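Colleague: I should like to learn how pockets and aromatic contacts are read from a model. Could we work through an example together?

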Amino acid sequence: MEKIFKPKFFSILKGKISKKQITSDIFSGIVVGIVALPLAIAFAVASGVSPEKGLITAIIAGFLISLFGGSRVQIGGPTGAFIVIIYGIVEEYGIDGLIISSVMAGVILIIFGLLKLGSLLKYFPHSLVVGFTSGIALVIFSTQIRDALGLDIDKVPSGFIDKWKLFILHLNHINYYALAVTIVTIIIILVFTKLKTKIPGSFIAIIFITIIVQVLHLPITTIESYFGDIPAKFDFNIPIFHLENFSLYLAPAITIAILGGIESLLSAVVSDGMIGGNHRSNTELIAQGIANIVTPFFGGIPATGAIARTATNVKNGGRTPISGMVHALTLLLIMLFFGQWAKLIPMAVLAGVLIIVAYNMSEWRSFRSILHSSSFDIIILFSTFLLTVLVDLTIAIEVGVVLSALLFMRRMSKIGADLPEHIDSDLFEDYSNLPKDFSIYEISGPLFFASAKQYAEVIKNLGYTSKVLIIRMRHVPFVDATAIHNFLGVLKILKETSKVTIVISGVRQNVHKDLEKHGIISIIGKGNIFDAFKTAMEHANKIYTT
């Protein structure tokens, strides 16, 4: 029986790590720690909790996720995706409710891992993920308007529409110092992003603007205005829990678990593509669960894998979990020795940082791309997006999952008459006499969210070992947005990392139209697309023998 829990760190320890790699990991960890500092503070404040809770989460959860995780380079901590759900839990159930919900989410994540559901979470439709991610981005943006404009509002309504009504009523009371600080913060971040410096623009903006505000005594609210002093210590807290309230915390706990699971595995998949590795999804879920059980008792908030920080880790040379642990230790030292000064950070600076985060989270290019997909994907996209913004993230995910299944069944019933009732295995050609690096792969049935990931992995693996790969699509009645997204990702990876030529045969007219619309045909090349398998073979043989 395959072992479910196999942390990458301990597997790597059994091998040999060069001193050069350890040095590279330490350097990368320090850089990522600096990158994570402003984000950890900003995410905590935006979630309605004190800033040190974000730092505690990045330190404890970040260390545990690297120690026990299934990815070599994953960086864990608080993320923007949790802002909406944390804010709602704190507002309704208080800090004790947040601790209980987080711990329950951790238990659920461990159960997911033990039941080997890691691969299952990857099968969420792309349109659903983009829908709620874009919705979260819009909600985060709206939560920052008060601080970005310096509006004197004590209590901001939780409802999206009510919030904007209140902002509009206060537009004649804008604090132009705060607005200027927000704009300058955004400009600094954008400039440093373009320059591709090791030190992030958000860190520079916080240091520079905090000093300017203090020296010039500008009338701007700071972290201290809302939260007072920031304690540079860890406190162990046990929440008051009544069994009869279990059902109240279950829904938010499930949302945290699903959201955390999706984001951490998505981050792991992205980093795999960057380093050519393979993460252990079930181990990763168990590690996320451990982190979310332990961290809340020390004052932390829910944590997951952070895509941007993980990518920063890879780009700076991080290749083992050592970099993630160093990132956590870097933040610990900063908190212990410099944490007291964090209270001076202007709220408008954090608003500028979070507006950039919201923009990066919005996935507007993917959103726009899905608008050119099938009506089924568009329905899922807008349903989850609008429910996230106007109702509740938990309901958005629940409705999105059910709607995806129902619309898929509806789509299959419409094309059912066009599909063969039974495909006789004797009809398939014998490919056993082909050369070792000449591959043929046949996709049978719809290429949709539940099968797209699996097909994409097979195509990627065949692409690495083949000179020519023919993909037969005669039995593919349609492709959805998830399939397009995964197929594009694999083609881009293969284009950068291998010399394989991909040839496609038997593409139906509606499928060809979707592939062309999203740029897949242009990547493969129009000359490599054929209606008949026979002509595709002749073309592939010419390529193979040259």
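**Reading a pocket and its aromatic neighbours**

Modeller: By class, 16 nonpolar, 8 polar and 4 charged residues make up the lining of the second largest pocket. Please bear in mind that the model is predicted.

Colleague: How is empty space located, and what volume does the second largest pocket have?

Modeller: Rolling a probe the size of a water molecule over the atoms shows where empty space is left. Here the second largest pocket has a volume of about 590 Å³. Its lining comprises 28 residues, of which V84, G88, S158, V391 and D392 are the closest to the centre.

Colleague: Which helix supplies the largest share of that lining?

Modeller: Helix α4 does, with 9 residues. Helices that each supply at least two residues include α5 (126–143), α11 (246–275) and α18 (393–415).

Colleague: How many aromatic pairs are there, and why is the pair of F367 and F382 classed as it is?

Modeller: The count comes to 14 aromatic pairs. For F367 and F382, the ring centres are 5.7 Å apart and the planes stand at 90°, so the pair is edge-to-face. This pair links distant parts of the chain, with F367 in helix α16 and F382 in helix α17.

Colleague: Are F367 and F382 buried or partly exposed?

Modeller: F367 counts as buried because its relative accessibility is 14%, under the 20% cut-off. F382, at 34% relative accessibility, counts as partly exposed. F367 also forms an edge-to-face pair with F385, at 5.4 Å centre to centre and 70° between the planes.

Conventions. Residues numbered from 1 in each chain as written. Predicted model: local features only at pLDDT ≥ 70, side-chain atom pairs only at ≥ 80, totals over all residues. Heavy atoms only, no water. 1 Å grid on protein atoms, 1.4 Å probe; cavity = no way out; pocket = protein on both sides within 12 Å on 5 of 7 lines; lining within 4 Å. Points joined across faces, edges and corners; volume = space filled by probe spheres on them. Helix = DSSP H or I, 4+ residues; strand = E, 2+ residues; numbered from the N terminus. Nonpolar A, V, L, I, M, F, W, Y, C, P; charged D, E, K, R; others polar. Phe/Tyr/Trp six-rings, centres within 6.5 Å; stacked < 30°, edge-to-face > 60°. Buried < 20%, exposed > 50% of the residue type's maximum accessible area, 1.4 Å probe, protein only.
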